Amino acid sequence: MTESNFDPGSFQYDDIEPLPIASHQKDELCRILYDDEYREVMGIARALLKRLELSPRALHATSQAISLVPAFYTMWNYRFQIVKQLFGGDPAKLNGELDWLDEFTLNNPKNYQIWSYRQALLQLHPAPQFVRELPILQAMIDDDTKNYHVWSYRRWCVLFFQNFDRELQFSSGLITRDVYNNSAWCHRMFVLKSQFKAKPPLALVTTEIHYAKAQIELAPQNISPWNYLRGLYQEFLDGEFDSEITDFALTFTLGVFDDPNHSAPILSSHALEFLAHIYTKHQETYGRARCAYQALSKVYDPIRANFWNYKIRSLLA
Amino acid sequence: MPLLISDDRLLNSKHQKYLERHLAILPSKYQDNEANKLAIVTYALIGLNVLGVDTSEKYKSSKNWLSNHYREVDYGGSCLLAGFVPSTSINIDSIPSLSLINTLFGLWSLACLGQEENMYDEVDKERICRFVSHCQVESGSFVSSFDVTPLDGCHTSSIDPTDLRYTYAAIAILHLMGCRRSKDFEKYISLQSILANISDQACAQGGFGQYCEPHAGFTSCALSILHMLGDQWSILTPTFYETTVHWLLERQVSSQGSTTSMAEGNENYDLADHGGFQGRENKFADTCYCFWALNSLSILEDQCSARFDKHDLLFNYLLDTTQNNLIGGFAKNNEDDPDLYHTCLGLAALALRGGNFNGPLFLPKDISLSIS
């Protein structure tokens, strides 16, 4: 195997007749000009796949094929069959496979297969550990703090291990780094809704309201904590917005409700919309709701004027 | 065929050349896309159709090549199924790489190459529907493929993701194969578990997503599914749909009013994004989310007979900001190079707003109308 582009490692492949990839087909669209490495690696890996050989050397070959075509789901599936056969109930060997996957993940952060492959490995593992998952989760979040796949995998882990201990703190850490991190805000709602069978304890909801308010003070025009705040009231407090929260929101909309033609800047259009939503709940405050929607439509959020006008029409209906 | 977008700023011939290049010879750096070949073909052909090119004529000679990706497979144990493999170059016939996603891309491409009246004559519709049926798992969601085992019956993949994209693919395939109402779909799949799964992903602030985080892409999948089923809107409340309209409209980035105060502080806010849509809160606008959000809005607006978005601003964003004036194509944003996916999605968004694109089915209307 000298001069080869296929790295045999410590294995022997001399008995394997490579399965050549078909090329130059008639009227082919998207004809890819394969290089030699591709032809050799895919030739050997596919020959092993065709035999369904479940062996250490086959595992080694799939590593090379997967790094050349990370989207080739059949090769991933073949790899999983090999792992299941060879490493089945062996925690140390399965951890070795997780090590390989960690490395692959760092090099292919946007790949679609990595996280569901990981879930399959943990489900196969006789003694999976949440702590084993934390370093790769941290590395991937550090790389892209809003990566949807990574957050979804973390939440899957939280439910799989039924371990909510560090989650609010984890979210707070990321919000401290960037108060606009919407994934970190959504994570809090996920924790509150998943951890408790019924509703979370009132003391925790109150703590979270204070937390959201404090973060809003830092950056009032940030939709994420406003959404969270509204969610807390709607999901856990029967949608009963008290005067304390109304007064809080009013501090970001000074002047709007005193003068229908007010056009000086306010601190937050989200505060105004939050108030409009509350005022829509009771007929006696419809006037204030209309005032808020008009101000949004004309001055503070004109791009959504059609929707704000629709809300005004709904008030009259 | 007519051009589906009327705006002088559209660089039609540059986009055509850009898309046609992707159907020709690709350098070896495209190797890692071998398993996505049918996606490349689909995005290029749909984009060309939007530009007014009759692809069924222009690429007529490649129809056989495309049809070679269609496979009828006997998995044993009375599993006689059919679908598409991603690439004839790397497929192994005794271990076929049939997948739900490639079957959808294959059927989309076939629609772009076929003649109107007999578009799907050469595929076995019943076997394709049975393939979809076998991809459904207990939770109601779908895997895309089967475990790699000898052909002794089909076993749903142990390692596939099962998010709403796959449910969308399942429903879209069944729709293309002729299912129109719930009872048609229920011949092959359990709708009850799908609908429960979709309801689970409805988020408090509106929109759909995994684990309480709404996402414009998943929202488009969920709403397209409900649109194709047609008679299942009651699984969620009218209030939720209105909240979702609001959530979607909030995804249109603005450089007016109070929003501008984020220019300092929010590192994912760019005044140049004005009019474009983001996929989630506090993210940059992105060409593909213009389509996903617009498709979602169009579906819901049809439900409540109203139009909310400022489509002139969206046109400006796409044509003045993400369209590439030199080589054609559309980029994700105002900084990146153009790519095929964002080119197709940008063109689809423009055609959708013009009323010439079937968003839920992701086909130009003149093609989707011929699939009766």
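In this predicted model, the centres of domain 1 of chain A and domain 3 of chain A, taken over C-alpha atoms, are separated by 62 Å. Domain 1 covers 1–87, domain 2 covers 88–163 and domain 3 covers 244–316 of chain A, with bounds that come from an automatic or database domain assignment. Residues are numbered from 1 along each chain as its sequence is written, and chains are lettered from A in the order in which they are written. Local features need pLDDT of at least 70 and side-chain atom pairs count only at pLDDT 80 or more, whereas totals for chains, interfaces and linings use all residues.

**Chain B overall**
- The radius of gyration of chain B, taken over C-alpha atoms, is 20 Å, which agrees with the value near 21 Å for a compact globule of 372 residues under the rule of 2.2 Å times the number of residues to the power 0.38.
- Of the 372 residues of chain B, 57% count as buried, meaning that 20 or more other C-beta atoms, placed from the backbone, lie within 10 Å of the residue's own.

**Nonpolar cores**
- The largest nonpolar core (buried Ala, Val, Leu, Ile, Met, Phe, Trp, Tyr and Cys residues joined through C-beta atoms within 7 Å) has 155 residues, and those with the most contacts inside it include A:Leu272, B:Val132 and B:Leu174.
- Because domain 1 (1–87) and domain 3 (244–316) of chain A both give residues to this core, it lies between them.
- A second, separate core of 32 residues includes A:Ile44, A:Met75, A:Tyr78 and B:Val148.

**Contacts of B:Leu174**
- Leaving aside neighbours within four places in sequence, B:Leu174 is in contact (C-beta atoms, placed from the backbone, within 7 Å) with B:Cys129, B:Val132, B:Cys179, B:Phe185 and B:Tyr188.

How values were computed. A residue is buried if 20 or more other C-beta atoms lie within 10 Å of its own, exposed if 12 or fewer, and partly exposed in between; C-beta atoms are placed from the backbone. Two residues are in contact if their C-beta atoms, placed from the backbone, lie within 7 Å.
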